Amino acid sequence: MRDIQHHASGTGAGKPTDGTEEAFSLDGWYLDRPYPQRGNGVYACRYDAGTGVVRRRSLRTTDWEVGKVRLAALILSAPATAGATVPSPDQVMTTAALANYIKGHATTIRSESDAIRAGELAKQYLNDQAKSPMAPVSFWTPARQLDFAKWLHTKFGHTPASIERRLDVLCSAFNEMTEVKLRKDPFDQDVETALMTHAPKFVYKRDRIAKELKIPPSKPRHSTSTIEDIARVLDAIEHEHLFRYAILALNTWARPEAIFDFSPRVQREHGLIYLNPPDRFQTNKRRATILETRCLGGWLDLWAAIDARARREAVLAGEPPPPEALLVFQGERVRAVKKSLKSAVKAAGVTKFSPGSFRHFMASKIRPMCRGVTREQRSIWLGHSLKEGSRTTDNYEAFDPEFLSDVALGIDFIMQQIQNHCRRDLFAVEVRLNARELARIGAKPEKKIKANQEGSGRRREIRTPDPLGVNEML
């Protein structure tokens with residue numbers, strides 16, 4: 001990525017195709033028309049001293065002036081070749097750095113849409129506010145960072161937390177440019193290099209942003225849903241795949257992406273749930289290994305039987321079998337539940353509820369309702385890092401599933417409390433919890449209720465069905 005301000009010249013009119021165009025070269029690259037018999041397209045060319053051949057890449061145009069512009073853009077996105085000088089932040093455009101990040105690393109992270117939005121806002125700020133659409137990375141001094149923060153708050157009403165996330169994307173994009181790693185050059189060759197010597201330091205976090213802008217600080221994102229809210233949402237669910245999603249989310253506290261990826265066939269073994277699939281590398285959004293709750297175990301057994309029967313019936317009927325996935329809707333594997341959940345939430349009369357709200361609800365409720373479940377146990381279940389060095393400690397300490405037994409017990413207890421307010425069954429098999437074990441974890445109902453009433457007014461027994469005959473077999 002080199003500093004290019006003179007990449008195009010002339011009026012942009014097409015040049016003759018007889019090879020009489022003016023020669024154009026830039027940073028070791030040059031334009032040529034090597035294949036007149038194939039449409040006479042314009043190519044970016046570069047001599048490879050290592051192999052002694054000229055490498056070419058089509059610019060997908062026959063217009064010489066357009067080829068100049070595209071060659072400049074190609075150079076902006078190209079890593080430095082071996083022996084070349086890595087550019088400094090004042091030689092790399094902000095837009096090029098953001099494009100590199102969004103097309104590369106951002107596609108591998110959960111918050112890809114947030115990264116794309118942050119890039120769009122940064123470009124809009126450079127165009128509208130700073131009047132510097134070609135601003136280099138070195139433009140982003142602390143003063144410019146604060147001005148960007150003021151603009152985000154004034155124009156879009158961003159909170160300090162939202163502003164912090166936008167700045168974090170810029171910081172990550174610039175830092176990624178400084179990493180020395182294998183990158184693809186325009187000819188799809190691996191080049192080990194960094195794209196920039198160093199990155200500007202980002203100094204503003206949410207507390208300091210609130211102080212500098214004199215605006216209220218962002219509040220922690222605690223769950224405000226009650227047990228009654230969750231019960232109403234569950235009762236309003238109409239689609240089977242959404243109910244399965246809700247049961248998985250409540251019992252595993254997993255993020256939506258982990259639930260969509262979950263396959264009991266390869267991620268369930270000996271009472272353990274491996275939220276991270278075997279073929280997935282752990283990222284900063286760590287997926288934990290947890291115990292299978294009794295509530296979830298019953299449903300997984302039931303769903304396995306139902307899905308196996310559905311596949312058999314499809315084969316006998318000469319129809320294509322449904323996908324081997326836990327969440328399936330209209331014959332397709334489910335990758336999002338926002339739309340169907342929105343309908344259920346609206347019918348339940350609940351506000352501010354999203355696919356991630358089940359996770360936040362359970363993490364918020366287990367602390368006051370099960371005082372004996374420690375913070376360390378909750379953090380491990382959530383997949384959070386406890387403290388610096390804890391991952392190194394994991395290399396010495398063998399994983400003990402029983403350490404999480406209190407969390408699993410607490411989850412079953414909370415599910416039973418939700419069942420007290422819910423018309424539909426939340427357990428596939430009857431689950432009775434031991435009073436002594438509940439006392440050990442300090443289990444305490446949120447509040448006393450008179451009784452869960454049927455239409456006849458009599459007390460409804462919280463005894464769930466046993467469609468597979470599991471209790472009889474036991």
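I began at the pairing of β3 with β4, where Y47 has V54 of β4 as its bridge partner. The model I consulted is predicted.

I next looked up how the two strands are joined. β3 and β4 run antiparallel and share 6 bridges. Together they make a hairpin with 4 residues between the strands. In the turn I noted G52, whose phi is positive at about 75 degrees.

I then followed β3 (residues 43-48) to its other partner, β2. These strands are also antiparallel and are joined by 3 bridges. Here Y30 stands opposite C45 in β3.

From β2 (residues 29-32) I went on to β1, and found antiparallel pairing over 2 bridges. L26 stands opposite W29 in β2.

I could now write down the whole sheet: it is open, has 4 strands, and follows the order β1-β2-β3-β4 with antiparallel pairing. β1 (25-26) and β4 (53-58) each have a single partner strand, so one side of each is left without a neighbour in the sheet. I recalled that strands of a sheet pair through backbone hydrogen bonds.

I turned last to another sheet. Which strands form it, and in what order? It is an open sheet of 3 strands, ordered β7-β8-β9, again with antiparallel pairing. Its edge strands are β7 (268-269) and β9 (289-291), and each pairs on one side only.

Within this sheet I checked β7 against β8 (residues 272-274); the two pair in the antiparallel sense over 2 bridges. I recorded L272 in β8 as the bridge partner of E269.

Methods: Residues numbered from 1 in each chain as written. Predicted model: local features only at pLDDT ≥ 70, side-chain atom pairs only at ≥ 80, totals over all residues. Heavy atoms only, no water. Pairing = 2+ DSSP bridges.
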